[in-house]
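Please load the model in your viewer and switch to a cartoon representation, with side chains ready to be shown on request.

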Amino acid sequence: MLVLMAAAVWAQATPSVEEQQSLMKALSDGATSPVDMIRALEAHLAQFPKSTQRAEVELTLARAAIDSRDVDRIAKYGEPLLKNLPDDVILLDRVSFALLAKDDKASADRAYQYARTLENILAKLEVEPGKDAIRKQDERDRALGRTLLYQSRARTITKEPEEAVRVAARAFAAYPTEEAARELAENLNRAGHADEAIERLADAFVIPDPHSTDAARVDDRILLGEWYKKRHGSEKGLGDIVLAAFDRTSRLMETRRKKLLSLDPNGAQQNPMEFTITSLEGKRFRLSSLKGNVIVMDFWATWCVPCRVQHPLYQTLKERFPRSSGVVFLEMNADEERQVVEPFLEEQKWNKDVYFEDGLVRLLSVQNIPATILFDKTGNLASRMDGFDPETFVEQMTSRIKTILAAK
C-alpha cells in the first residue's frame with residue numbers, strides 16, 4: 001500500500017529525472033517492510049531536501065512509522081500532516097500517543113488537543129443497528145476509551161490530577177478495561193483519594209478483559225496489596241473489596257453486553273434457526289418460526305453474474321415445491337450496500353420477496369455465491385451447494401429436497 005500510494009503521487013508530479021530515479025529506487029528498496037521504507041525515503045529526502053514531492057513523501061513516511069510503531073517518527077512526520085489532514089482518525093490517535101511518550105508539558109498539551117479532536121469525531125459517529133453493528137460499536141467505544149486515556153495521561157504529565165481523574169473515569173465508562181481501571185486508580189491515588197483508588201484497582205484486577213495479560217494482573221495484585229496495607233496495616237478485609245469489585249464489574253460488563261446485543265439480535269447467535277432476518281421492507285422475521293419445514297436458502301448478490309443465470313432455475317425449483325409441500329424458499333441477499341437491491345430487483349423484474357442475510361453468511365461460512373443451503377424440518381443443516389451447474393442444478397436440488405422431506 002505504501003508503495004502504491006507513493007508511486008501514485010510520484011506519477012502526478014514533475015520532478016527532475018535524477019529525483020525520479022532516486023524516488024523509484026527508494027520505493028523499490030523500501031517495498032519489503034515499513035522499516036525499509038523509512039530508511040529508503042529518508043535517504044531520498046536527505047539527497048533532495050527541496051523535493052517537489054516532500055509533503056507526499058512525508059505522508060508515506062508517517063504511515064510507515066505508524067505501521068512500524070516508531071513513536072519518534074510518528075511525532076516527527078505525523079504531527080505536521082495534521083495541519084492538512086485534521087480529521088484523520090489514525091493520525092490523531094497515533095500522534096497523540098507519540099507525543100505523550102515525550103513526557104514533557106508542551107508535547108502533552110498538544111497531545112491533549114489532538115485527543116480532544118479525535119473524541120469529538122468519535123462522539124459524532126452513530127452505529128446503525130443490524131449486521132456487524134456490535135463489532136463497529138465495540139471498535140468505536142474502544143477508540144473513544146483510548147483517546148480519553150490519552151487525555152488523562154496528558155493531564156497527569158501537566159500535573160492536573162483532578163482533571164486526570166475526571167477524564168480517566170470517562171475513559172472507563174466508555175470502554176471498561178483493566179488498563180482504564182488501573183489508570184483511574186493511579187490518578188485517584190495521586191490526587192489523594194486512597195480508598196477509592198483501592199476500589200478502582202480492585203476493578204482492574206478482576207474485570208474480564210481479553211486484552212489484559214497475566215503479567216498485568218500480577219502487577220495489579222501486587223500494587224493492590226501495597227496500597228491496602230499502607231492504608232490499613234495488613235491485607236485483612238482486602239478480600240471483601242475484591243469480591244465487591246467482582247460483583248460490580250460483572251454487572252457492568254453484563255449491562256454492556258446487553259446494550260451491544262440490542263444493536264444486533266444475531267450478534268451472539270450460533271444457531272441459524274435463532275436468527276432474525278430483515279425483509280426488503282425492513283420487517284423482522286425469526287427463522288425459528290419455520291421449524292417443521294424444509295428450508296432452502298439461496299444466497300445471492302446484485303453484483304454476482306452467475307446469480308443471474310441461476311435465478312430462473314431457482315424459480316423453476318420453487319414451482320416444484322409449493323408452500324403446501326412443507327418447503328420454504330428464502331432468497332438471502334448478501335450485498336453490503338442494501339440500497340442497491342430494490343432498484344436491481346425492479347430492473348431485473350424479479351420478485352421482491354427478499355431477505356437480507358444479517359450475519360448468516362458469516363455463521364454459515366458462505367465463501368462464494370451463489371450458494372444454496374438446506375435445513376431439515378428440525379432446523380439442522382442438511383445440505384449445501386456452493387456454486388451450481390446450470391445443466392444439473394434443478395434436478396440435483398429436487399432430489400436433495402425430496403430426500404430431506406422423506407427423512408423421519
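The tour below goes from the sheet to its central pairings, then to the helices.

This is a predicted model, in which local features need pLDDT of at least 70 and side-chain atom pairs count only at pLDDT 80 or more, while totals for chains, interfaces and linings use all residues. Residues are numbered from 1 along each chain as its sequence is written, and side-chain values use heavy atoms, with hydrogens and water left out.

**The sheet.** Select the strands first; strands (E, at least two residues) and helices (H or I, at least four) are DSSP runs numbered from the N terminus, and two strands pair if DSSP finds at least two bridges between them. Seven strands form an open sheet of mixed pairing, in the order S2-S1-S5-S4-S3-S6-S7. Its edges are strand S2 (284-286) and strand S7 (381-386), each of which pairs on one side only. From one strand to the next the twist averages 30°, where axes are lines fitted to C-alpha atoms (for helices over the stretch in contact) and angles run from 0 to 180 degrees between N-to-C directions.

**Strand S3.** Now select residues 294-300, which are strand S3 and are joined to strand S6 (residues 371-375) by five bridges in the antiparallel sense; here Val-296 has Leu-374 of S6 as its bridge partner. With S4, S3 pairs in the parallel sense over seven bridges, and Asp-298 stands opposite Glu-331 in S4.

Which way do the side chains of S3 point? Val-294, Val-296, Asp-298 and Trp-300 point one way, Ile-295, Met-297 and Phe-299 the other, and all are buried, meaning under 20% relative accessible area with a 1.4 Å probe and protein chains only. In a regular strand the side chains alternate between the two faces of the sheet.

**Helices on the sheet.** Add residues 305-320, helix H14, which lies across S3, strand S4 (327-333) and S6 and runs at about 165° to S4. Next, show helix H15 (residues 341-348), which packs on the sheet and touches S3, S4 and strand S5 (354-356), its direction making about 95° with that of S3; contact means heavy atoms within 4.5 Å.

**Helix H4.** Finally, move to residues 54-68, helix H4, whose buried residues include Val-57, Leu-61 and Ile-66. Just after H4, Arg-69 takes a positive phi of about 60°.

Methods: Buried < 20%, exposed > 50% of the residue type's maximum accessible area, 1.4 Å probe, protein only.
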